[in-house]
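Thanks for making time this morning. I would like to walk you through one model, going from its contacts with DNA to its interior.

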Amino acid sequence: MKQNLNLTPLPDAFYQYPTLQLAEELLGCILVKQTEEGTSSGFIVETEAYLGNADRAAHGFGNRRTKRTEILYAEAGMTYTHLIHNHCLINVVSAEKEVPESVLIRAVEPYTGVDLMLARRPVKKFQNLTSGPGKLSQALNINMGDYGRSLQEPPLFIAAGKKPEKINTGPRIGIDNSGEARDYPYRFWVAGNKFVSK
DNA sequence: TTTGTGATGCTCT
DNA sequence: GAGCATCACAAAG
């Protein structure tokens with residue numbers, strides 16, 4: 001399959017949206033990763049906003065700045081690859097400088113370079129290829145080498161894609177405690193998409 | 001029972 | 001200060 005589509009990185013202005021809005025706008029966009037073996041990409045179908053200061057799920061709460069989270073304090077449009085155990089989670093840094101907000105990409109729908117993705121992660125069910133944070137990062141070969149990289153130039157960038165017909169929002173999952181933070185509709189996904197983790 | 005996920009923590013240079 | 005690593009719980013089959 002050819003990929004002659006005009007995959008143009010989104011302009012810097014795109015990342016100037018408020019974090020929550022950016023998370024929604026990101027749905028349907030195309031996450032592109034170029035490697036020596038070729039180019040693989042997918043539609044973003046699930047995102048999650050992380051408001052570092054007021055978000056209980058965001059690690060220790062409050063203002064904890066470490067080497068890992070350092071990039072979150074940078075300006076918008078950067079890539080934040082969080083290496084945790086055997087998995088890699090990819091985030092899009094948003095908000096302005098010194099504001100630790102970002103959008104976590106939880107799931108994508110395979111678009112181009114599917115064969116390449118399958119080669120990296122053999123799965124029996126096609127839906128299992130990228131239906132999760134750890135899966136998609138492995139399928140797209142996203143690693144710490146992408147940490148702090150700009151999302152506006154190859155080999156890793158986000159291009160405009162199709163607009164989702166219907167977007168759902170709701171509370172995030174996996175958060176047991178914390179009163180109000182649990183009900184925050186910080187999670188966005190494309191309604192009815194099979195590649196959404198839930 | 002197996003696979004996936006979890007904003008980290010520890011050890012070495 | 002930077003790089004590298006493991007364990008355990010939960011959800012799905």
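By a polar contact I mean a pair of N or O atoms within 3.5 Å. This is a predicted model, in which local features need pLDDT of at least 70 and side-chain atom pairs count only at pLDDT 80 or more, while totals for chains, interfaces and linings use all residues. Residues are numbered from 1 along each chain as its sequence is written, chains are lettered from A and ligands numbered from 1 in the order in which they are written, and side-chain values use heavy atoms, with hydrogens and water left out.

With that in mind, Arg-106 places a side-chain N or O atom 3.2 Å from a phosphate oxygen of DNA strand B, and Pro-133 has a backbone N or O atom 3.4 Å from a phosphate oxygen of that strand. Ser-102, by contrast, has a polar side-chain atom 2.8 Å from a base nitrogen.

Which residues come nearest to DNA strand B? Of the 21 around it (near meaning a heavy atom within 4 Å), they are Tyr-50, Arg-68, Tyr-80, His-82 and His-87. Of the strand's atoms within 4 Å of the protein, 39% belong to sugar or phosphate and the rest to bases.

Turning to the interior, the largest nonpolar core, a set of buried Ala, Val, Leu, Ile, Met, Phe, Trp, Tyr and Cys residues joined through side-chain atoms within 4.5 Å, buried being under 20% relative accessible area with a 1.4 Å probe and protein chains only, has 36 residues. Tyr-15, Leu-31, Ile-44, Ile-105 and Ile-158 touch the most other members, and a second, separate core of seven residues includes Leu-72 and Met-78.

Methods
Buried means under 20% relative accessible area, exposed over 50%, partly exposed in between (1.4 Å probe, protein chains only). A polar contact is a pair of N or O atoms within 3.5 Å; within protein, one must be able to donate a hydrogen and the other to accept it, and residues adjacent in sequence count only if both atoms are side-chain atoms.
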